[in-house]
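Visitor: I'm new to reading protein structures. Could you walk me through this one?

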Amino acid sequence: MKTVLITGASRGIGRACALAFAREGYAVAACWHKNEAAARSLLDELSALGCDAELYRADVADPAAVEAMAAAAEKRFGHIDALVNNAGIAQQKLFTDLTAADWDRMLSVNAGGVFHTCRCVLPGMLRRHSGRIVNISSIWGISGASCEVHYSASKAAVIGFTRALAQEVGPSGVTVNCVAPGVIDTEMNANLSPETLAALCGETPLCRIGSPEEVADAVVFLCGGKARFITGQVLKVDGGFLGG
């Protein structure tokens with residue numbers, strides 16, 4: 001049985017990914033940080049699907065916590081076949097109001113978390129000459145977003161990281177890809193006003209926002225056999241928002 005490790009798995013896109021992988025027959029190592037109730041609820045859903053699953057708590061910005069989490073997951077499941085770096089935070093703030101602490105926390109979670117988790121999981125993949133890594137970025141990491149300079153910068157870093165690591169580990173049979181979601185119906189976007197959501201829908205050729213499940217479908221595809229010759233790519237799941 002293959003095992004997937006998913007960070008930020010308790011809610012939104014991470015939760016949808018966990019359930020999608022479970023339906024594909026994967027064992028699931030689900031990393032969460034703050035919402036224990038949501039994590040326990042996910043474990044119940046995974047168990048109901050007959051999935052071999054375990055919860056692990058870690059702040060991905062903390063290298064020691066990530067190392068302990070990854071080691072525990074590898075000991076429990078024997079190996080990690082796929083890694084989905086989904087954990088992330090967002091904040092809307094004028095650049096002139098940003099503090100050094102705002103900047104540091106955003107980069108340490110969104111970009112640093114990807115680094116820490118890959119650093120811990122990749123050695124096992126290299127030894128087995130097999131592995132799939134999918135990092136979750138954002139369309140704002142491609143185009144940039146007003147009042148989200150630090151968020152956009154962190155997600156752009158994830159894209160650069162993905163492309164560079166794919167070049168480095170490709171000869172060892174490991175693929176590294178990136179999914180850049182558009183506007184998705186998650187708690188992260190729950191603070192948007194109805195007017196803002198309507199405007200975003202109007203800017204999207206498919207005339208709606210996306211679902212976490214639609215992003216999860218793309219992630220599962222990139223970890224599957226039909227994507228074995230795809231690496232170093234950024235797949236936008238945005239309903240056409242950014243166009244070509």
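Guide: Sure, we'll take it one question at a time, and keep in mind that this is a predicted model.

Visitor: Let's start with helix α4. Which of its residues are buried?

Guide: Helix α4 runs over residues 100-110. To count as buried, a residue needs a relative accessible area under 20%. In α4, the residues that are buried are Asp102, Met106, Val109 and Asn110.

Visitor: How big is the arc that they cover around the axis?

Guide: Think of looking down the helix and asking where the buried residues point. They are on the same side of α4, because the arc they cover is only 85 degrees.

Visitor: And which exposed residues does the face turned away from the buried side carry?

Guide: Now go round to the other face of α4. Turned away from the buried side, this face carries two exposed residues, Ala100 and Ala101.

Visitor: What do the buried residues of α4 pack against?

Guide: We've just seen that Met106 is one of the buried residues of α4. The partners of that buried set are two helices, α5 (112-128) and α7 (149-169).

Visitor: Are α4 and α7 roughly parallel or roughly perpendicular?

Guide: The two helices pack with their axes 9 Å apart, at an angle of about 30 degrees. Angles under 35 degrees count as roughly parallel. So α4 relative to α7 is roughly parallel.

Visitor: How many residues of the contact of α4 with α7 are charged?

Guide: On the α4 side, the contact is made by Asp102, Trp103, Met106, Leu107 and Asn110. From α7 come His150, Tyr151, Ala153, Ser154, Lys155 and Val158. Sorted by type, they give six nonpolar and three polar residues, and the number of charged ones is two.

Visitor: What about α5 and α7: are they roughly parallel or roughly perpendicular to each other?

Guide: Their axes come within 13 Å and cross at roughly 15 degrees. The cut-off for roughly parallel is an angle under 35 degrees. α5 and α7 are therefore roughly parallel.

Visitor: How many residues of that contact of α5 with α7 are nonpolar?

Guide: α5 brings Val114, Phe115, Cys118, Leu122 and Leu126 to the contact, while α7 brings Val158, Phe161, Leu165 and Val169. There are no polar and no charged residues in this contact, and the nonpolar count is nine.

Visitor: Is the crossing where α3 passes α5 left-handed or right-handed?

Guide: Helix α3 covers residues 63-77, and its axis is 9 Å from that of α5, at an angle of about 35 degrees. Pro63, Val66, Glu67, Ala70 and Glu74 in α3 meet His116, Thr117, Arg119, Cys120 and Val121 in α5. These residues divide into five nonpolar, two polar and three charged. As for the handedness, the crossing of α3 past α5 is right-handed.

Visitor: Let's zoom in on phenylalanine 77. Is it buried or exposed?

Guide: Phenylalanine 77 lies in helix α3. It touches Thr3, Ala27, Val28, Ala29, Asp52, Ala53, Glu54 and Tyr56, leaving out residues up to four places away in sequence. With a relative accessibility of 13%, phenylalanine 77 counts as buried.

Visitor: How far apart in space are the C-alpha atoms of phenylalanine 77 and threonine 3?

Guide: Along the chain, phenylalanine 77 and threonine 3 are 74 residues apart. In space, though, the separation of their C-alpha atoms is 7.0 Å.

Visitor: Which residues does glycine 25 touch?

Guide: Glycine 25 lies in the loop between α1 (12-23) and β2 (27-32). Its relative accessible area is 41%, so glycine 25 is partly exposed. Not counting residues up to four places away in sequence, glycine 25 touches Met1 and Lys2.

Visitor: What is phi of cysteine 147?

Guide: Most residues other than glycine have a negative phi. Cysteine 147, in the loop between α6 (140-143) and α7, has a positive one instead. Its phi is near 65 degrees.

Visitor: Cysteine 207 has a positive phi too, so where is it found?

Guide: Phi of cysteine 207 is near 65 degrees. Cysteine 207 has a relative accessible area of 58%, so it counts as exposed. You'll find cysteine 207 in the loop between α8 (194-203) and α9 (212-223).

How values were computed. Residues are numbered from 1 along each chain as its sequence is written. This is a predicted model: local features need pLDDT of at least 70, side-chain atom pairs count only at pLDDT 80 or more; totals for chains, interfaces and linings use all residues. Side-chain values use heavy atoms; hydrogens and water are left out. Buried means under 20% relative accessible area, exposed over 50%, partly exposed in between (1.4 Å probe, protein chains only). Helices (H or I, at least four residues) and strands (E, at least two) are DSSP runs, numbered from the N terminus. The arc is that of the directions from the helix axis to the C-beta atoms. Contact means heavy atoms within 4.5 Å. Axes are lines fitted to C-alpha atoms, for helices over the stretch in contact, and angles run from 0 to 180 degrees between N-to-C directions. Angles under 35 degrees count as roughly parallel, over 145 as roughly antiparallel, 65 to 115 as roughly perpendicular and the rest as oblique. Ala, Val, Leu, Ile, Met, Phe, Trp, Tyr, Cys and Pro count as nonpolar, Asp, Glu, Lys and Arg as charged, and the others, Gly among them, as polar. A crossing is left-handed if the near helix is turned anticlockwise from the far one by less than a right angle, and right-handed if clockwise.
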